[in-house]
Amino acid sequence: MSTFCRSRVVGCIVAAAAAIALSGCGSSSTTTAAGTTSSSGGPSSPPAAAVSATGSVAAGSGAGSSPSAVQMTGSGNGQIDQATYDGVIAGSPKADAATISANAWATAIKGRGTLRTGGTDSGPLFSLLDPATGKLTGFDAGLSQMLAQYILGSPTTKLTITTVDTRETLIQNGTVDAVFATYSITPARAEKVAFAGPYFTSGAAIMVKKDNTDITSVADLAGKKVATESNSTAVTALKAKVPSASLQLYAEDAQCQAAVQQGRADAYVLDQSILISDAISNPAVKVVGEPFTVDPYGIGVTKSDPSAKKFVDAWLQTIYGDGSWAKLWKATIGTVVDGDAPAPPKIGSVSGS
Amino acid sequence: MTTNRVLFDEPGPRGLLRIRVATVASVLLLALLVYLALQRFGDNGQLAAAKWNPFLKPGIPTFLLHGLENTLKVTGLSAVFAFPIGAVLALLRLSESRVSRWTATTYIEFFRSTPLLLLIYVFFLALPPLGLNLPTLWMVVVPIVLCNAAVLAEIFRAGVRALPKGQGEAGLAVGLGHWQTMRFVILPQAIRIIIPSLVTQLVSLLKDSTLGFAASYPELMKSATNLTARYHNFIQTYLVIALIFVVINLLLSYLARVLDRRLSRGRRDKGDTPTELVVLPMETALGGGLVR
Amino acid sequence: MNVVAGHFSDVLSALLTTVELAVLSFLGAMIVGTVVAIMRISPVAPLRAAGLVYVEFFRNIPLLSLLFLVVFGLPDLNVTFSLFNSAVIGMALFSGAFVCESVRTGINTVPIGQAEAARAIGLTFTLSLRTVILPQAFRSMIQPLVNVWIGTLIGTSLAAAVGVFELTAEGQLLQLNYAGGLPVFAAIALLYIAMALLSGGAGGWLERKVAIRR
């Protein structure tokens with residue numbers, strides 16, 4: 001065969017293989033997936049695919065582990081309803097001109113016309129991009145959009161993807177105005193950036209495979225393989241509490257989840273809300289144990305201009321007071337956690353904020 | 001293929017029978033493998049429509065197309081800068097001045113042996129705290145250009161060395177200077193020889209663009225991450241993305257082969273001459289294949 | 001530089017992981033590549049086609065895409081290997097395609113007259129391959145194979161993107177935790193370059209050793 005024909009043949013073979021692979025999906029329906037361990041309740045199906053979270057999740061009875069521990073039983077399906085979400089954002093307050101002009105940081109942002117935020121676009125529940133619509137939704141995303149609306153009158157944000165490695169640098173060199181990225185407040189980080197808030201208190205929880213019965217609390221993680229996102233606060237907490245656990249670090253939540261599901265890791269430790277959201281859409285895993293850390297999230301802003309932190313703190317107080325924070329909580333985190341929104345954490349209550 | 005005809009005689013009746021049996025057996029074996037693979041998919045629920053449907057949703061092909069567009073943007077920009085810089089480096093390495101030769105060689109050896117991911121991390125993690133904060137696109141393009149310019153320099157040099165020495169000597173003999181010989185005699189011929197390799201290098205640039213993922217640049221690989229975060233369909237997404245890459249690269253390689261044949265018509269015997277130069281710190285190894 | 005010096009043992013263990021990864025991948029690639037090369041020169045058409053598909057697919061797929069497929073895609077089919085093994089498998093498959101091409105090219109460089117002479121004195125396919133063609137082909141294969149080896153060595157850095165803790169990942173960690181900055185990455189780059197140059201030198205020595213001196 002000449003090389004000309006050969007490449008044609010190769011192309012046909014590749015196309016045929018693809019056709020075979022894709023035609024297979026037309027003949028099987030979701031019901032044939034019954035009995036397999038993989039999740040078939042895809043988000044593309046209507047909300048009727050709601051899966052109730054497992055009852056084995058211990059309810060945080062507020063026994064001192066964290067001031068606003070959330071109940072971990074949820075019956076929502078983890079899907080954020082875009083219409084409700086948009087409504088909540090649209091209904092959030094806008095600042096009047098006097099408030100803005102009194103603050104140098106806000107004036108600069110208004111002058112620019114857009115709020116430059118740092119965060120992620122692949123974090124479930126907190127900041128997730130819907131590839132089909134191009135919209136960013138989630139608790140963190142919502143807060144950033146609300147702040148933009150407060151300053152600019154419309155939720156115009158420009159997202160720069162930040163990772164744990166780059167957050168502080170991007171704030172310090174002015175590439176982003178504020179970072180909304182489940183950004184835990186620690187004194188070490190507070191030396192480089194200023195934290196407004198905290199705006200949410202969370203704790204690390206454990207996710208394991210559905211049929212796993214050995215791991216029910218953080219102590220059971222001793223000597224096991226634990227997956228977590230690289231350089232999250234969970235890493236430090238795990239090293240302190242169970243130094244004998246062998247850690248596997250991944251870049252994304254979806255990868256950590258996959259590691260547990262596929263048996264590469266015995267458990268996945270991260271913020272409980274994220275884990276619950278994962279568990280809702282993935283019947284192969286479950287969340288166990290009580291939160292064993294206290295993780296306050298703050299908004300990272302520049303330290304060199306003290307008006308930034310003042311402004312954002314004042315704005316947070318406003319949305320606590322007028323119920324926007326609670327409404328946003330209900331529209332996002334409320335889809336996996338039952339009950340009303342907890343009381344928002346007291347601003348400045350954590351060292352570093 | 002010449003190798004076949006030479007390694008075995010024309011098969012006799014028993015040979016033909018054996019070949020036919022082996023053909024049938026291997027077809028059955030391959031079919032069985034494909035069947036087993038599909039069965040594996042099915043058993044694990046990976047053929048479920050819900051896993052493949054996201055690709056048919058209205059916004060998704062556009063989203064993927066946007067990622068592809070960014071991939072091509074990175075590839076194109078890298079090519080635009082890497083090719084000229086590579087040519088300049090090659091010329092420096094072939095110059096008569098020892099200083100130029102030495103500088104060019106050091107650069108080439110350094111950047112050919114450094115992993116691209118490491119360079120991207122340098123621009124993404126190490127330089128911003130020092131003040132150099134490029135837009136994400138350039139954080140990806142600059143390292144790719146740096147690495148590939150070195151590789152391209154070696155390709156250009158291989159092209160020049162593939163020419164018969166007599167050409168250069170003749171140029172000098174008729175009184176042309178070093179650079180004039182380069183410009184009028186050597187380079188035009190060398191470039192014609194290596195154009196297929198340059199197209200193949202484009203394939204390599206495209207493959208390198210996937211490392212933009214490490215800098216969170218929204219090219220195809222990063223788009224895949226967004227898809228899996230939203231729909232949890234890992235193998236489907238990564239398969240589709242891999243197929244997209246393979247198809248594009250196959251097209252480029254096909255183009256390289258067409259160019260190869262057109263530009264070398266009459267100059268060499270027919271045969272399966274590989275047009276890819278696997279060029280790394282040693283002299284080009286497969287380079288000899290170009291002018292056989 | 002102090003950062004690297006202070007964490008030298010970490011860097012060393014990461015370096016060992018890199019070398020381990022590269023060696024295992026290369027060995028796997030040699031095996032896979034030789035098998036596919038034999039498939040490609042065999043008289044059985046379906047095997048030749050399968051070999052061609054393999055080479056075309058694995059030469060044109062980006063290594064990162066392949067690693068993601070193996071590390072995050074395969075487990076969806078209940079085929080889960082450890083991170084390290086998955087990286088080895090991915091790289092072996094990838095480099096295998098290049099090894100195959102190098103082997104085929106090497107065989108092609110043997111003058112046809114050699115094979116014809118082997119047939120003329122009555123050697124069978126296997127014997128002529130084993131005693132006449134391959135030893136001579138091996139000489140011209142060393143160069144491209146060394147290049148594939150160096151490519152594999154440098155390619156191991158991509159394993160950092162899928163979670164394997166090798167040299168590049170170590171550099172990223174040092175940068176994050178201890179603000180190592182440019183010197184850390186420069187040191188790591190130097191390690192890679194040293195390894196590449198050593199390999200190149202060893203390849204050159206090997207080539208000179210088996211060269212036919214007339």
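Within chain C of this predicted model, confidence reaches its lowest value in helix α1(C), residues 2-6, where the mean pLDDT is 74, and its highest in α3(C), where the mean is 93. Over chain C as a whole the mean pLDDT is 88, and 99% of the residues reach 70 or more. Where pLDDT is low, predicted coordinates should not be read in detail. For the model itself, the scores are ipTM 0.88 and pTM 0.81.

Helix α3(C), the element of chain C with the highest confidence, also takes part in a contact with chain B. Here helix α2(B), spanning residues 13-43, packs with α3(C), spanning residues 45-60, at an angle of about 40°, and the two axes lie 7 Å apart. Since angles under 35 degrees count as roughly parallel and those from 65 to 115 as roughly perpendicular, α2(B) and α3(C) are therefore described as oblique to each other. On the side of α2(B) the contact is made by T23(B), S26(B), V27(B) and L30(B), and on the side of α3(C) by P46(C), L47(C) and A50(C). By class, the residues of this contact between α2(B) and α3(C) comprise five nonpolar and two polar, with no charged residue.

A helix pair within chain A is arranged at another angle: α4(A), residues 104-112, and α11(A), residues 306-321, pack at about 85°, with their axes 7 Å apart. The helices α4(A) and α11(A) are therefore roughly perpendicular to each other. In this pair, A104(A), W105(A) and A106(A) of α4(A) meet S307(A), A308(A), F311(A) and V312(A) of α11(A). The contact of α4(A) with α11(A) divides into six nonpolar residues and one polar residue, and no charged residue is present.

Chain B contains eleven helices and zero strands, and its elements, followed from the N terminus on, accordingly run as α-α-α-α-α-α-α-α-α-α-α. Of the 292 residues of chain B, 54% count as buried. Among the contacts in chain B with a separation of 6 or more, 73% are accounted for by residues 24 or more positions apart.

The cysteines were also examined. Over all chains, the structure holds zero disulfides. In chain B, C147(B) has a relative accessible area of 8% and is therefore buried, given that burial requires a value under 20%. In chain C, C100(C) likewise counts as buried, because its relative accessibility is 0%.

Note on methods. Residues are numbered from 1 along each chain as its sequence is written. Chains are lettered from A and ligands numbered from 1 in the order in which they are written. This is a predicted model: local features need pLDDT of at least 70, side-chain atom pairs count only at pLDDT 80 or more; totals for chains, interfaces and linings use all residues. Side-chain values use heavy atoms; hydrogens and water are left out. Axes are lines fitted to C-alpha atoms, for helices over the stretch in contact, and angles run from 0 to 180 degrees between N-to-C directions. Helices (H or I, at least four residues) and strands (E, at least two) are DSSP runs, numbered from the N terminus. Angles under 35 degrees count as roughly parallel, over 145 as roughly antiparallel, 65 to 115 as roughly perpendicular and the rest as oblique. Contact means heavy atoms within 4.5 Å. Ala, Val, Leu, Ile, Met, Phe, Trp, Tyr, Cys and Pro count as nonpolar, Asp, Glu, Lys and Arg as charged, and the others, Gly among them, as polar. pLDDT is the predictor's confidence in each residue, from 0 to 100. A disulfide is a pair of cysteine sulfur atoms within 2.5 Å. Buried means under 20% relative accessible area, exposed over 50%, partly exposed in between (1.4 Å probe, protein chains only).
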